[in-house]
Amino acid sequence: MAERILILGGAGFIGSSLAISLKQQHPSWKISCFDNLRRRGSELNLTRFKKSGIEFIHGDIRSPSDLEPGMFNIDTIIDCSAEPSVLAGFSSPQYVLQTNLLGTINVLELARQIDARLLFLSTSRVYPIETLKSINLIESPTRLTIAPEQTISGVSNLGIAEDFPLQSYRSLYGTTKLASEMLIEEYRQAYGIQAIVNRCGVITGPWQMGKVDQGVFVLWLAAHYFEKSLSYIGYGGTGKQVRDLLHIEDLLRLINYQLEHFSELDGDVLNVGGGADNSLSLLETTKICESITGKSIPIKSEVTARQGDIPIYITDSSKIISKTGWKPSINPEQTLRDIYKWIIDYEEFLQPILS
């Protein structure tokens with residue numbers, strides 16, 4: 001049977017990539033993308049949708065009238081809509097709360113009224129900042145690493161697992177996403193809605209409009225390509241802070257599997273990321289970007305960390321790997337090379353946005 005899928009935040013990086021990939025893999029599926037086009041660069045995806053036979057709906061999840069049940073005939077909602085910036089929680093708290101929390105309520109009401117399944121993209125930022133900062137670390141010449149001896153549950157050499165403690169603060173962004181997870185569970189129990197939650201780490205790849213607070217690997221590669229300056233911010237200004245990264249194509253493979261095995265995974269809350277084998281420090285990222293672009297740029301050092309930042313985050317995806325057999329297949333260097341090729345192919349459109 002042909003699926004009817006509504007992707008919220010559909011003109012964003014993950015939403016648009018997912019829509020186009022699903023349509024290519026399942027031509028008979030009806031894919032609709034819903035977005036307010038607030039994020040710069042999202043408008044570039046409208047011509048891609050048209051070419052792919054994907055419906056675009058201009059709307060805002062903050063507005064219940066934009067999500068009237070009678071407007072939608074769908075089986076599954078994939079919610080990629082969010083204000084994804086931790087920094088935005090400090091500068092624009094009302095927008096973050098309305099989009100990420102009230103938006104979720106509106107989405108759940110739509111799912112309840114039309115009896116749709118919900119695949120929700122949450123975030124690793126649900127894990128508390130101070131607890132993450134208290135992980136025992138070892139400093140090596142190019143990066144920070146997780147020490148073998150830990151006093152906190154849910155942390156190992158594999159990274160952060162789903163049983164990492166949730167008590168304490170985590171940024172407004174992280175709090176709205178955790179609250180959304182809790183609301184989803186209540187709607188599952190009260191109304192029988194099928195739902196899966198993916199707590200995503202850093203997802204990256206072509207078509208991500210990278211900024212300092214969201215899309216750092218695209219930002220880093222683009223800055224090298226367009227020869228703009230960068231800064232190592234915090235942790236001594238050495239660039240040793242670490243994140244794992246997951247190529248968007250690896251996430252798309254997982255979501256495709258989840259859509260086809262929804263009932264088996266219903267109710268799951270799953271950490272999804274590249275893992276320890278696909279992690280980089282900013283310093284290591286610089287070296288790869290220099291190698292790929294053949295360019296070296298000035299990078300300043302700022303000793304003081306930004307509000308809400310953490311020195312290391314690596315996703316332990318053991319749970320989803322054991323449940324599905326899925327695992328990341330694209331390494332960080334290939335991911336950065338794919339981003340480089342995309343920038344070259346679309347340089348005329350991307351230069352005003354990424355430089």
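These legends walk through a few close-up views of a predicted model.

**View 1. Helix α10 meets helix α12.**
Here we look at α10, which covers residues 282-293, and α12, which covers residues 332-345. Their axes come within 10 Å and cross at roughly 50°, so the two helices are oblique to each other. The crossing of α10 past α12 is right-handed. On the α10 side, the contact is made by Thr285, Ile288, Ser291, Ile292 and Thr293. Facing them from α12 are Glu333, Leu336, Arg337 and Tyr340. Sort this contact by class and you get 4 nonpolar, 3 polar and 2 charged residues.

**View 2. Helix α12 again, now with helix α13.**
Helix α13 spans residues 347-354. It packs with α12 at an angle of about 110°, and the axes are 6 Å apart. Angles of 65 to 115 degrees count as roughly perpendicular, so that is the label for α12 and α13. From α12, the residues making the contact are Trp342, Ile343, Ile344 and Asp345. From α13 come Glu347, Leu350 and Leu354. The mix of classes here is 5 nonpolar and 2 charged residues, with no polar ones.

**View 3. A buried threonine in α12.**
Stay with α12 and pick out Thr335, which is found in this helix. Is Thr335 buried or exposed? It has a relative accessible area of 1%, so it is buried. What does Thr335 touch, once neighbours within four places in sequence are left aside? Its contacts are Thr204, Leu245, His247 and Ile330.

**View 4. The largest nonpolar core.**
This core has 62 residues. The members that touch the most others are Ile7, Ile78, Leu251, Leu259, Trp342, Ile343 and Leu354. Trp342, Ile343 and Leu354 may look familiar: they also take part in the contact of α12 with α13. Which helix gives the most to this core? That is α7, residues 216-226, with 9 residues. As a general backdrop, nonpolar side chains in soluble globular proteins tend to be buried together.

**View 5. Around Ile78, and a second core.**
Zooming in on Ile78, we leave out residues up to four places away in sequence. Ile78 then touches Ile5, Leu6, Ile7, Leu8, Leu18, Leu22, Leu119, Leu121, Ile255 and Leu259. Of these, Ile7 and Leu259 are, like Ile78, among the core members that touch the most others. There is also a second, separate core, this one of 22 residues. Among its members are Phe34, Phe72, Leu108 and Val197.

Terms used. Residues numbered from 1 in each chain as written. Predicted model: local features only at pLDDT ≥ 70, side-chain atom pairs only at ≥ 80, totals over all residues. Heavy atoms only, no water. Axes fitted to C-alpha atoms, helices over the stretch in contact; angles between N-to-C directions. Helix = DSSP H or I, 4+ residues; strand = E, 2+ residues; numbered from the N terminus. Parallel < 35°, antiparallel > 145°, perpendicular 65-115°, else oblique. Left-handed = near helix turned anticlockwise from the far one by under 90°. Contact = heavy atoms within 4.5 Å. Nonpolar A, V, L, I, M, F, W, Y, C, P; charged D, E, K, R; others polar. Core = buried A, V, L, I, M, F, W, Y, C linked by side-chain atoms within 4.5 Å. Buried < 20%, exposed > 50% of the residue type's maximum accessible area, 1.4 Å probe, protein only.
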